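Reader: I would like a close look at one part of this chain. Please take the two domains and the place where they touch.

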Amino acid sequence: MTQPGLVGATTVTRAAVLGAGTIGASWTAWFLARGMTVTVWDPRPEAEAYVRRSIADAWPAMARLGMVANASPDAWRFCATAENAVAEAEFVQENAPERLAIKRELYARLDTAMPADTVLASSSSGLIMTEMQAGLRTAARFAIGHPFNPPHLIPLVEVVGGRETSPETVKWCMEFYHHIGKRPIHLRKEAPGHLANRLQAALWREAISAVVSGLASVEDVDTAISAGPGLRWAVMGPHMTFHLGGGEGGITHMLDQFKPAFETWWASMTTPAFTEETCRQLIDGVAAEAHGRSVAELVRDRDALLLPLLELVAKRDREA
Ligand SMILES: NC(=O)c1ccc[n+]([C@@H]2O[C@H](COP(=O)([O-])OP(=O)(O)OC[C@H]3O[C@@H](n4cnc5c(N)ncnc54)[C@H](O)[C@@H]3O)[C@@H](O)[C@H]2O)c1
């Protein structure tokens with residue numbers, strides 16, 4: 001295992017995007033908006049047109065957030081091979097399908113093809129880097145940089161190294177993402193699903209149980225979040241929210257008062273299985289809640305509220 005000096009984390013001008021589906025295309029738009037040139041590779045030939053459309057769709061939203069000053073949506077090219085795409089890259093964001101075998105096969109090729117001082121971050125939603133990097137000669141420069149969909153709008157990136165990732169690589173990723181306007185957090189150890197997806201999974205487990213047990217409809221479960229605690233979660237996380245829930249006594253009083261209640265609720269929770277019937281209930285429930293709106297229309301409705309919210313969050317962060 002070797003690790004020469006890395007390129008400067010705050011001076012990257014050339015990024016490579018490998019795998020250009022939902023996440024890779026969105027990352028491409030973000031890197032372009034931040035003034036970089038981007039080389040893109042995807043084995044699917046139609047991916048080039050998809051990336052072009054995705055950049056065009058993403059650009060107005062990023063412009064509204066003030067993120068595209070001095071940037072060009074055309075500063076990218078589609079490459080014939082992964083090796084071509086990374087040949088001159090100073091940073092590589094990997095967005096291949098969420099399959100360990102695919103990532104390992106790709107990394108084995110990149111091990112020698114990437115310039116020696118270049119870091120690769122994987123968008124993987126929950127694979128373990130230790131398993132993906134095993135056997136690589138340059139494993140030290142491979143880390144997880146997990147975004148949230150769509151990466152061109154949602155600030156969070158989870159950074160975590162595998163057993164062989166060097167502390168310098170993790171530090172580099174934190175600096176890089178911070179520099180390009182993301183909100184990276186450093187996870188101290190590996191876990192399937194990293195952190196935020198585990199939090200989502202915990203909530204979704206209970207949301208599905210509520211539907212399956214007949215406690216509430218799919219639509220009412222969604223309203224319970226979007227009209228309730230979900231409104232506060234964009235402002236502060238669960239711990240700080242409960243600190244306020246304790247009134248003047250804060251989290252100390254909150255714990256004194258609600259410890260027994262939470263322990264009783266936790267003890268009553270169960271893990272649902274994705275049976276055919278459960279899946280059917282969820283699919284029918286979502287169809288009823290969508291009231292005939294297509295996914296594209298729902299995305300538009302979401303973004304109509306998400307963009308002003310992101311503008312407020314960005315303003316708060318600038319003034320903090
Ligand atoms: N969709 C999400 O909400 C989301 C969010 C965060 C992270 N991720 C992660 O991002 C990665 C990509 O997910 P996605 O949702 O964009 O999937 P996707 O199916 O939309 O795109 C995957 C792309 O990879 C391409 N591909 C196929 N084989 C490949 C290979 N060997 N090397 C490189 N590319 C290859 C496909 O042609 C496709 O365009 C996954 O690791 C996933 O866990 C997804």
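Author: What follows describes the two domains, their contact, and then a helix and a loop residue.

This is a predicted model, in which local features need pLDDT of at least 70, side-chain atom pairs count only at pLDDT 80 or more, and totals for chains, interfaces and linings use all residues. Residues are numbered from 1 along each chain as its sequence is written.

The domain assignment gives domain 1 as 14-186 and domain 2 as 196-235 + 273-319; such bounds come from an automatic or database domain assignment. The C-alpha centres of the two domains lie 27 Å apart. In contact are 9 residues of domain 1 and 8 residues of domain 2, where contact means that C-beta atoms, placed from the backbone, lie within 7 Å. On the side of domain 1 that touches domain 2, helix 2 (47-64) and strand 7 (156-161) each supply at least two residues. Helices (H or I, at least four residues) and strands (E, at least two) are DSSP runs, numbered from the N terminus. That side has 5 nonpolar, 2 polar and 2 charged residues. Nonpolar covers Ala, Val, Leu, Ile, Met, Phe, Trp, Tyr, Cys and Pro, charged covers Asp, Glu, Lys and Arg, and the others, Gly among them, are polar.

H194 is in the loop between strand 8 (183-186) and helix 7 (196-212). Its phi is near 55°, a positive value in a residue other than glycine. H194 is buried, with 21 other C-beta atoms within 10 Å; buried takes 20 or more such atoms, exposed 12 or fewer, and partly exposed lies in between, with C-beta atoms placed from the backbone. Helix 11 (residues 250-267) has 0 buried residues among its 18.

Conventions: Contact = placed C-beta atoms within 7 Å.
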